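This report concerns a single protein model and proceeds from one residue to the sheet around it. The sequence and structure are shown below.

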Amino acid sequence: MKNVKVLGPGCKRCDAAVQMVKDAAAKAGVEVSVEKVTDYAEIAGYGIASTPGLVVDGKVVHAGGLPKAEDVARWITA
């Protein structure tokens, strides 16, 4: 199972990023645990200055704006 954290204040882009992760996981048949992190101190702890940010299995893979769907799919299946 992949553990994914979406870092951001809960804006529309953050919600879209959560849905992108869920869609990519469903398409690939991969189980994911998705956690929304809205605490600014925790977000800053990952070195993220621009949201949304994505952390997959403890590794920051994206920060700022929505990632490309193919990138999300690659991170989920890696």
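## Histidine 62 and its surroundings

Histidine 62 has a relative accessibility of 16% and therefore counts as buried, the cut-off being under 20%. The model under discussion is a predicted one.

Histidine 62 lies in strand β4, which spans residues 59–63. Its side chain comes to 3.2 Å from the backbone oxygen of glycine 64. When residues up to four places away in sequence are not counted, histidine 62 is in contact with Ile48, Pro52, Gly53, Leu54, Pro67 and Trp75.

## The four-stranded sheet

Strands of a sheet are paired through backbone hydrogen bonds, in either a parallel or an antiparallel manner. In this model, four strands form an open sheet in the order β2-β1-β3-β4, and their pairing is mixed. Strands β2 (32–37) and β4 occupy the edges with a single partner strand each, so one side of each has no neighbour in the sheet. On average, neighbouring strands of this sheet are turned by 20 degrees against each other, direction ignored.

Strand β1 (residues 2–7) and β2 run parallel and are joined by six bridges. Within this pairing, valine 4 has valine 34 of β2 as its bridge partner.

## Helix packing on the sheet

Helix α1, formed by residues 12–28, packs on the sheet and touches β1, β2 and β3 (53–56). The direction of helix α1 makes about 175 degrees with that of β2.

Key. Residues numbered from 1 in each chain as written. Predicted model: local features only at pLDDT ≥ 70, side-chain atom pairs only at ≥ 80, totals over all residues. Heavy atoms only, no water. Helix = DSSP H or I, 4+ residues; strand = E, 2+ residues; numbered from the N terminus. Buried < 20%, exposed > 50% of the residue type's maximum accessible area, 1.4 Å probe, protein only. Polar contact = N/O pair within 3.5 Å; in protein donor to acceptor, adjacent residues only side chain to side chain. Contact = heavy atoms within 4.5 Å. Pairing = 2+ DSSP bridges. Axes fitted to C-alpha atoms, helices over the stretch in contact; angles between N-to-C directions.
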